[in-house]
Amino acid sequence: MEPRPLVGVIACRRTVEGHPAHMVTDKYVSALRDVGLQPVMIPVWEDMDSAADIDAMQALLSRLDGLLLTGSYSNMHPSRYGESLAPENTYEDRARDAAALQWVPLALTLGMPLLGICRGFQELNVAFGGSLHQAVQQVPGLMDHREPKGDQDAQFAPSHDISIVAGGQLAALYDVPEARVNSLHQQGIARLGEGLRVEALAPDGLVEAVSVSTASSFALAVQWHPEWKTREHPLYLAILEGFADACRDKAAHGE
């Protein structure tokens, strides 16, 4: 049996039972395992920008076959895109901010397949010089994209349509021009990062998916959560399987 490709999964910094912890919620690693990948959690620290840390991270990423930037309850600190903290922006994870902004360019330089989900989608945009709405529901003309009240099944249920842009990476994975996706985010793209390509839009015009136009491999990020009950939603499965195929190709060819 061929070994599973190794996919680095960014951790979040949380307090668990009173102690600082590095953690990843199960749905992300289980979704990767379900499409034949082997997840490897990578811890994060705020002071990851020294030359030694960057060299160490590049050495680690070079041993992996893909990188997943997960969703999270936390948001990127707006100082990362030159803005002040809005009152609605109440959860932060500065260690993860620092890690993501170092890892994205390193992964792309190494030609690694990259998938961003929700917070990871926003991290990719900021890494390319973009900015975020800190409270989409406060922006005139935009919908409230936050999850409804209720249990997880209610929160992760399909919530609104998206239109998929023809000719892009997402359209190549899923050849239907529209789909219905879940929506569990308060933040969203305000200014699109330079070098990113819009792959899907919500009915209100908010960007819902992007790709990296110059990437040598799979480099896609989505605002919704395709890791939730992936096999019940053809679009979600197409995204995860497309990422898995790219990781297998990286593992097989080493580049």
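User: Buried means under 20% relative accessible area, exposed over 50%, and partly exposed in between (1.4 Å probe, protein chains only). Why is Glu-17 called exposed?

Analyst: The relative accessible area of Glu-17 is 77%, so Glu-17 counts as exposed. The model is predicted: local features need pLDDT of at least 70, side-chain atom pairs count only at pLDDT 80 or more, and totals for chains, interfaces and linings use all residues. Residues are numbered from 1 along each chain as its sequence is written, and side-chain values use heavy atoms, with hydrogens and water left out.

User: Where does Glu-17 lie, and what is its phi?

Analyst: Glu-17 belongs to the loop between strand 2 (12-16) and strand 3 (19-23); helices (H or I, at least four residues) and strands (E, at least two) are DSSP runs, numbered from the N terminus. Its phi is near 55 degrees, a positive value in a residue other than glycine.

User: What makes Lys-229 partly exposed?

Analyst: Its relative accessibility is 36%, and therefore Lys-229 counts as partly exposed. Lys-229 sits in the loop between strand 13 (219-222) and helix 7, and although not a glycine, it has a positive phi of about 45 degrees.

User: Why is Ala-86 called buried?

Analyst: Ala-86 has 18% relative accessibility and so counts as buried. Its place is in the loop between strand 5 (66-69) and helix 3. From Ala-86 to Arg-248 the C-alpha distance is 41 Å, with their positions 162 residues apart in sequence.

User: What makes helix 2 oblique to helix 3?

Analyst: The axes of helix 2 (residues 51-61) and helix 3 (residues 94-109) cross at roughly 50 degrees and come within 10 Å. That angle makes helix 2 oblique to helix 3. Angles under 35 degrees count as roughly parallel, over 145 as roughly antiparallel, 65 to 115 as roughly perpendicular, and the rest as oblique. The axes are lines fitted to C-alpha atoms, for helices over the stretch in contact, and angles run from 0 to 180 degrees between N-to-C directions.

User: Which residues of helix 2 and helix 3 meet?

Analyst: From helix 2, Ile-54, Met-57, Gln-58 and Leu-61 meet Gln-102, Trp-103, Leu-106 and Ala-107 of helix 3, contact meaning heavy atoms within 4.5 Å. These residues comprise 6 nonpolar, 2 polar and no charged; Ala, Val, Leu, Ile, Met, Phe, Trp, Tyr, Cys and Pro count as nonpolar, Asp, Glu, Lys and Arg as charged, and the others, Gly among them, as polar.

User: How do helix 3 and helix 4 cross, and which residues make the contact?

Analyst: The axes of helix 3 and helix 4 (residues 119-127) come within 9 Å, at a crossing of roughly 60 degrees. Arg-96, Asp-97, Ala-100, Leu-101 and Val-104 of helix 3 touch Arg-119, Gly-120, Glu-123, Leu-124, Val-126 and Ala-127 of helix 4. The set divides into 6 nonpolar, 1 polar and 4 charged.

User: How do you know that the length of helix 3 agrees with expectation?

Analyst: The expected span is 1.5 Å times one less than the number of residues. For the 16 residues of helix 3 this gives 22 Å, and the end C-alpha atoms are 24 Å apart, which agrees. After helix 3 comes Gly-111, with a positive phi near 70 degrees.

User: What span should helix 7 have?

Analyst: Helix 7 (residues 234-253) has 20 residues and should span 28 Å; its end C-alpha atoms are 28 Å apart, which agrees. Its buried residues include Leu-235, Phe-243 and Lys-250, and Gly-254 just after helix 7 takes a positive phi of about 70 degrees.
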